[in-house]
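User: I am new to this structure and would love a close look at one part of it. Could you walk me through the metal site?

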Amino acid sequence: MRLPEARGNASDALFTLLSRSERHARGSGGAIAEAVAGAEDVLTDDDLQVALFVLYELHYRGIDGVEDAWEWHPELLAIRALIEAAFEARLREVVPRPPRPEPTRRAVADALFELTADTGGPSLSRFVARQADESQLREFLIQRSIYQLKEADPHAWAIPRLEGVAKAALVEIEADEYGGGDPARMHAAIFAQTMRGLGLDDSYGAYVDQVPAITLASANMMSLFGLHRRLRGAIVGHLAAFEMTSSIPNKLYGNGFRRNGFGEDVTWYFDEHVEADAVHEQIAARHLAGGLIEAEPELLDDVLFGASACLTIDGIVGERILAAWTTGQSSLRQQVTA
Amino acid sequence: MLERQGSIELCPDGPLLLRGDFEILGADGEPIDAHRKTVALCRCGLSSIKPFCDGTHKASGFRTEE
Ligand code: FES
Ligand SMILES: [Fe+2]
Ligand SMILES: [Fe+2]
């Protein structure tokens with residue numbers, strides 16, 4: 001993807017550094033340390049979230065014009081660690097701790113189903129189903145594209161870190177996310193098709209500059225959990241919560257696109273998730289999360305943390321989009337002319 | 001999957017998970033495309049995409065006996 005626009009001193013210093021050759025690295029750590037120290041709330045700090053997003057992208061698809069060798073450069077890892085420490089600390093502060101179940105497969109699954117149960121309050125999916133217009137649908141896809149164009153990738157980092165039941169379960173889910181061997185059925189590819197159906201640019205990272213910090217934070221949180229073996233419980237909990245809050249909202253999202261006159265080429269993504277995630281949520285709760293806790297009971301708190309973090313942060317993302325729309329505003333940083 | 005040809009997992013308060021070698025036939029005897037290797041069959045009767053589960057059992061408070 002293209003290097004995004006800097007959003008402050010830290011990202012500016014980092015992006016300038018990245019435009020140079022990795023062999024001539026010379027500090028931007030100072031600017032980052034200052035920004036971390038001065039940040040009011042890392043979760044909504046544009047400068048730090050876009051910097052972290054770019055640091056993580058070096059591990060996914062890379063950045064145009066940036067040397068691949070930067071990925072493991074000690075200076076960049078140090079900068080990343082600085083932002084990550086503040087980010088994780090803030091997450092642990094704002095994410096509520098759910099009650100602790102017994103460390104058995106059944107009790108863990110029950111606790112996760114309880115935690116992820118629909119509370120029936122105002123929701124983005126209900127708004128999309130009933131009243132979103134076409135430009136809001138486009139915004140919705142732009143917001144989602146940050147993660148959905150690499151759907152399942154952050155969770156795949158966990159595969160070599162698991163064993164037995166949990167590993168088999170994760171691979172069973174991920175194989176379906178990646179299209180079961182058919183690249184055209186890959187969820188990221190189906191999402192790209194939906195974007196094209198609304199006249200949007202489906203190239204990877206095309207809309208990073210348009211989305212607010214909290215949307216980047218939602219994706220960065222998955223990379224944080226996925227890239228640290230220490231946090232394997234959290235990435236498992238995250239995936240479980242994600243899958244367990246998907247089927248019913250996706251039915252509503254699909255209805256919103258149908259109501260606006262879009263056909264199956266556009267709604268396939270949502271229809272696919274109604275069906276697939278009704279499977280995935282069972283596997284994720286019982287065999288992935290439950291199986292992991294039976295094997296490594298000491299990870300229980302992290303599994304709950306990851307699940308609760310998914311619900312909390314994605315909840316804030318949804319609330320902010322709704323708040324913008326219900327006051328006649330755009331949820332994006334800049335209006336997109338499609 | 002070694003010796004096993006197919007398996008059905010009974011999910012408490014939820015669907016049946018089918019894995020392995022199976023075929024789903026409609027009332028007309030025609031095969032129904034499963035779309036994926038592991039499928040969830042609705043057993044609460046409320047799904048809008050029967051025979052598959054769509055998660056509705058959670059909203060309706062469906063309970064299985066064990
Ligand atoms: S069992 Fe899930 S909808 Fe019926
Ligand atoms: Fe998916
Ligand atoms: Fe899924």
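Analyst: Happy to! Along the sequence, the donor residues of the iron ion (ligand 3) follow the spacing E-x65-E-x33-D-x2-H. Donors here are N, O and S atoms within 2.8 Å of the metal (3.2 Å for Na, K and Ca), and water is not among the atoms, so sites may look incomplete. A word on the background: this is a predicted model, in which local features need pLDDT of at least 70, side-chain atom pairs count only at pLDDT 80 or more, and totals for chains, interfaces and linings use all residues. Residues are numbered from 1 along each chain as its sequence is written, chains are lettered from A and ligands numbered from 1 in the order in which they are written, and side-chain values use heavy atoms, with hydrogens and water left out.

Now to the ion itself. Glu177(A) (OE), Glu243(A) (OE, listed twice), Asp277(A) (OD) and His280(A) (ND1) coordinate the iron ion (ligand 3) at 2.1 to 2.5 Å. Glu177(A) also bridges to the iron ion (ligand 2), and the two ions lie 3.7 Å apart.

Where do Glu243(A) and His280(A) sit in the chain? Glu243(A) belongs to helix α12 (residues 232-244) of chain A and His280(A) to helix α14 (residues 264-295) of chain A, so this pair, 37 residues apart, links distant parts of the chain. Helices are DSSP runs (H or I, at least four residues), numbered from the N terminus.

Are these two residues buried or exposed? Glu243(A) is buried, with a relative accessible area of 2%, and His280(A) is buried too, at 1%. Buried means under 20% relative accessible area, exposed over 50%, and partly exposed in between (1.4 Å probe, protein chains only).

How values were computed
Helices (H or I, at least four residues) and strands (E, at least two) are DSSP runs, numbered from the N terminus.
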